[in-house]
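User: I'd like to go through this model with you, one feature at a time. Can you give me the general idea first and then the case at hand?

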Amino acid sequence: MIDTVVARRYANAIFALGKKDGDEALSARGECLAALGETLAAAPGLDLTLKSPVIGVEEKKAVLDKLLGKLKADQTLRNFCFLLADKERLAFLREISAWYGKLLDEAKGIVRGQLVTAVKLPADKKAKLKESLEKKTGAAIELTFAVDKDILGGMVLKMGDRVLDASLRAQLGILRETFKRGE
């Protein structure tokens, strides 16, 4: 819980700085933070290095400097990451990146979701489903698609904190419960 509060505060701070610099800076920093978060997730050794209390702040800053140089981060983002190093808050970098992404999506009016089906859908069907959902929600949607044979048929749509389970597995579960109650 405390981790989330800390990450949210830092994400709000860098986001507020980005708002002052304009939409282009907001998006660029979002891309850079997302890439940084993905890099840390893909390289657990690097993540542990930045979190380690044994490694000095200056060494962490040197690692960050090289990493941010490869990601072409602007000076504000570099200073932000160095501040995190000075304050011993690098352990929250991945969470900060995730919160910043949520703030950026909210500012742009983008809703992220996942659609799970029992079989792989063709590209034209995916496009139609996405278009239909955008019309119904009135928002731009970034939709990822996944296959889970365990749902048997139908689909499960997850958007934000909402889940629409229209799978055959869920329908069979409801039918089973109805029979158990004797209705």
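**Reading the model**

Analyst: Leucine 168 is a handy start: its place is in helix H8 (residues 168–181), where helices are DSSP runs of H or I with at least four residues, numbered from the N terminus. Keep in mind that this is a predicted model, where local features need pLDDT of at least 70, side-chain atom pairs count only at pLDDT 80 or more, and totals for chains, interfaces and linings use all residues. Residues are numbered from 1 along each chain as its sequence is written, and side-chain values use heavy atoms, with hydrogens and water left out.

User: Is leucine 168 buried or exposed, or partly exposed?

Analyst: Buried means under 20% relative accessible area, exposed over 50%, and partly exposed in between (1.4 Å probe, protein chains only). Leucine 168 has 41%, so it is partly exposed. Together with Leu152, Leu172, Leu175 and Phe179, it forms a nonpolar patch on the surface, with about 490 Å² of accessible area together.

User: Which residues have the most contacts inside the largest nonpolar core?

Analyst: A nonpolar core is a set of buried Ala, Val, Leu, Ile, Met, Phe, Trp, Tyr and Cys residues joined through side-chain atoms within 4.5 Å. The largest one here has 29 residues, and those with the most contacts inside it are Leu64, Leu77, Phe80, Cys81, Leu93, Ile96 and Tyr100. Helices H1 (2–21), H2 (23–42), H4 (57–70), H5 (75–86) and H6 (93–108) each give two or more residues to this core. Apart from it lies another core, of seven residues, among them Leu115, Ile141, Leu143 and Leu157.

User: What does phenylalanine 80 touch?

Analyst: Contact means heavy atoms within 4.5 Å. Not counting residues up to four places away in sequence, Phe80 touches Tyr10, Ile14 and Ile96.

User: Which sign does phi have at lysine 72?

Analyst: Most residues other than glycine have a negative phi. Lysine 72 has a positive phi of about 60° although it is not a glycine. You'll find Lys72 in the loop between H4 and H5, and with a relative accessible area of 74% it counts as exposed. Glutamate 88, in the loop between H5 and H6, also has a positive phi, of about 55°. At 48%, Glu88 is partly exposed.

User: How far apart do the C-alpha centres of domain 1 and domain 2 lie?

Analyst: Domain bounds come from an automatic or database domain assignment. For this chain it gives domain 1 (1–106) and domain 2 (110–180), and their C-alpha centres lie 33 Å apart.

Note on methods:
Patches are made of residues with over 30% relative accessible area and no salt bridge: like charges are joined within 9 Å, nonpolar side chains (Val, Leu, Ile, Met, Phe, Trp, Tyr) within 5 Å. Accessible areas come from the Shrake-Rupley method with a 1.4 Å probe; for residues, only the protein chains shown count as cover. A salt bridge is a side-chain nitrogen of Lys or Arg within 4 Å of a carboxyl oxygen of Asp or Glu.
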